[in-house]
Amino acid sequence: MDSSLPILSLSTAAIAGAVAVFPKLQSRLALSRAKHRSLTGHSKMSKMVARLVPHYEFDINDFFRSDGAPADIATRRQDGFFRLAALYKERFARSRQTTAEAARRMSDLQFTQSYRVPFQYSRLVRENLGAGSFIQSTSGVTVTDLDGNVLYDLAGSYGVNIFGNDFYRECIEHAEKRAHAVGPLLGSYHPVVADNVRRLCEISGLDEVSFHMSGTEAVMQAVRLARYHTRRSHLVRFAGAYHGWWGDVQPGVGNPVSPHETYTLADMYERTLHVLRTRRDIACVLVNPLQGLHPNSNAPGDSALIDSSRRGHFDRAAYTTWLKSLRDVCTERGIVLIFDEVFVGFRLAVGGAQEYFDVRADMVTYGKSLGGGLPIGVVCGRKDLMRRFRDDRPADVCFARGTFNSHPYVMTAMDEFLSRLASPNFTSVYNGLDELWNGRAERLNERLAAAELPVRVANLSSIWTVHYTEPSRYNWMLQYYLRAEGLALSWVGTGRFIFSLNYTDADFAEVADRIVAAAEKMKRDGWWWRSASLTNKKIRRQILKEMLATKFKH
């Protein structure tokens, strides 16, 4: 009889332990189920996979027939490639030389040159199709390179250029004159700062403002303040979203050390809302509204264009519904909702994404265009969230400073930007903005379809991405045909076109003609040949075979 007591005690302890552990297991399972089923949603797995990918490159024979093309198609591609290379060598001679010399000492250039196309093809492309990274001047919607070539600007200065190059040149020119008397005084403020703060509070609908030197810094401070005031540890970001290059918002490839206080969850997903409703450690949710164009996918670049699976589609109504659901859950759970509008701020509407989607955030970060062409980062937030110290605990502070925050030249350039933005004549540019850019994208897609070209565009207003309708390993070549037609792209190629809002119908018609012409020439040169059996899945399997063969060749 007595011998059963220890067994009973052990059973009771086991049950009690299971009861204690079960909620944690449930919570962990819910978190796992809220992740997107791709490498963008699994940061640890993405880093593991990245470490396993071996380097290999195609020789000149395999380069042109890596998709199994017959000899005549490979020859046509090779002829087209070197015809294009000869054109580049002649047309971009000075730009190429200057870029090559600078790249020997500029790590940024080394990176962007190496990652314009999938790595298997990179060396031959770099040697023959380098076009240069230096610009001599800008005017209207065009840029002029060191060789005097005038190209339509589709790079958009990484999103800074919303209203046209001339607009920002004027902002900087007038700002310099106004700030000249103060000079580069730091620590004290130029009088214009007070006006900037007032107008930013009006635009954002929030109470207070802090200034920083970049969008990355602004997001860092917004998250730090959210953690400080909620006394919670974790931030939620969505799969594929970009919030700058600091560690906590880049938990996967690109960050040598994985953060432990970041949850990467699926965008537009009911299970994500469940996690927000049930966990107690979430301080804030970061939203980059640009993800509405490609939810749960990384910022598109041609270096990852290994097949034709890249997609883009913006559903304003669906994304608005999602943001409103987020707002409701964050309010219910005391989670800080942060809109990262560093990229889209002032491009969609005067009041940014908050106005565009009719959803109010607790904190908003701005950057890019707001500085009138100069570097800037801004946090706007509720009064209770912006405070950096506690009245009852004087040693408990949330520190953030920066030597160049509120630089007089930046602040006067910002004032020039905000003053123009407040002008009724100027704000008319937003009237019918969606209809204008959606119509332009639709008409271009109709032309591409009519010409039986496997290229389409998707857009969030004036921010566009290119996707492809037929399986191919060579879609990344289109960026080089576009450059030959006089279109200037950023280093991510066809992944992102960023139009300034001063593009007239005539300007856009010229760009559309050149896009179609480039695609027709690429098709003529055989790059979009494919066998009837080729699929995106087969392409990925072939690449896996190539990697395994490289890995185990010894």
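In the predicted model, Tyr158 lies in the loop that runs between strand E3 (150–153) and helix H8 (165–179). Although Tyr158 is not a glycine, its phi is positive, at about 60 degrees. The residue is exposed, with a relative accessible area of 52%. A positive phi also occurs at Asp358, which is not a glycine either and has a value near 55 degrees. Asp358 is placed in the loop between H13 and E9, and with a relative accessible area of 56% Asp358 counts as exposed, because the cut-off is over 50%. A further positive phi, of about 55 degrees, is taken by Glu452 just after helix H17.

An open sheet is built from 7 strands in the order E4-E10-E9-E8-E7-E5-E6, and its pairing is mixed. The edges are formed by strand E4 (208–212) and strand E6 (262–265); each has a single partner strand, so one side of each is left without a neighbour in the sheet. From one strand to the next, the twist averages 20 degrees. Within this sheet, strand E9 (residues 363–366) and strand E10 (residues 377–381) run antiparallel and are joined by 4 bridges. In this pair of strands, Tyr366 stands opposite Val378 of E10.

Two helices that pack on the sheet are described here. Helix H9 (residues 192–204) touches E4, E9 and E10, and its direction makes about 120 degrees with that of E4. Helix H10 (residues 215–230) touches E4, strand E5 (234–238), strand E7 (282–287), strand E8 (336–340), E9 and E10. The direction of H10 makes about 155 degrees with that of E7. Strands E4, E9 and E10 are thus touched by H9 and also by H10.

Helix H9 contains Arg199. This arginine is buried, with a relative accessible area of 12%, which is under the 20% cut-off. When neighbours within four places in sequence are left aside, the contacts of Arg199 are Asp415, Leu418 and Ser419. Another buried polar residue is Ser406, with a relative accessible area of 8%. Ser406 is located in the loop between strand E12 (393–397) and helix H15 (408–421). With neighbours within four places in sequence again left aside, Ser406 is in contact with Tyr189, Phe211 and Met411.

Helix H17 (residues 433–450) has 18 residues, which at 1.5 Å a residue should span 26 Å. The end C-alpha atoms of H17 are 26 Å apart, in agreement with that expectation. The buried residues of H17 are Leu433, Asp434, Trp437, Gly439, Arg440, Ala441, Leu444, Asn445 and Leu448. They pack against three helices and two strands: helix H12 (316–333), helix H13 (352–357) and helix H19 (505–524), together with strand E13 (455–460) and strand E14 (463–468).

The largest nonpolar core comprises 123 residues. Phe63, Val285, Leu370, Val378, Trp476 and Met477 have the most contacts inside this core. Helix H19 supplies the largest share of the core, 8 residues. Trp476 touches Phe63, Val117, Pro118, Tyr121, Val125, Asp302 and Leu305, not counting residues up to four places away in sequence. A second core, separate from the largest one, has 20 residues, including Trp246, Val336, Val379 and Leu385.

A search of the whole structure finds 0 disulfides. For Cys201, the nearest cysteine sulfur is that of Cys380, 6.1 Å away, and a disulfide would require the two sulfur atoms to be within 2.5 Å. Cys201 is buried, with a relative accessible area of 16%. Cys398 is likewise in no disulfide; the nearest cysteine sulfur belongs to Cys284 and is 12 Å away. With a relative accessible area of 5%, Cys398 is buried.

Notes:
Residues numbered from 1 in each chain as written. Predicted model: local features only at pLDDT ≥ 70, side-chain atom pairs only at ≥ 80, totals over all residues. Heavy atoms only, no water. Pairing = 2+ DSSP bridges. Axes fitted to C-alpha atoms, helices over the stretch in contact; angles between N-to-C directions. Contact = heavy atoms within 4.5 Å. Expected span 1.5 Å × (residues − 1). Buried < 20%, exposed > 50% of the residue type's maximum accessible area, 1.4 Å probe, protein only. Core = buried A, V, L, I, M, F, W, Y, C linked by side-chain atoms within 4.5 Å.
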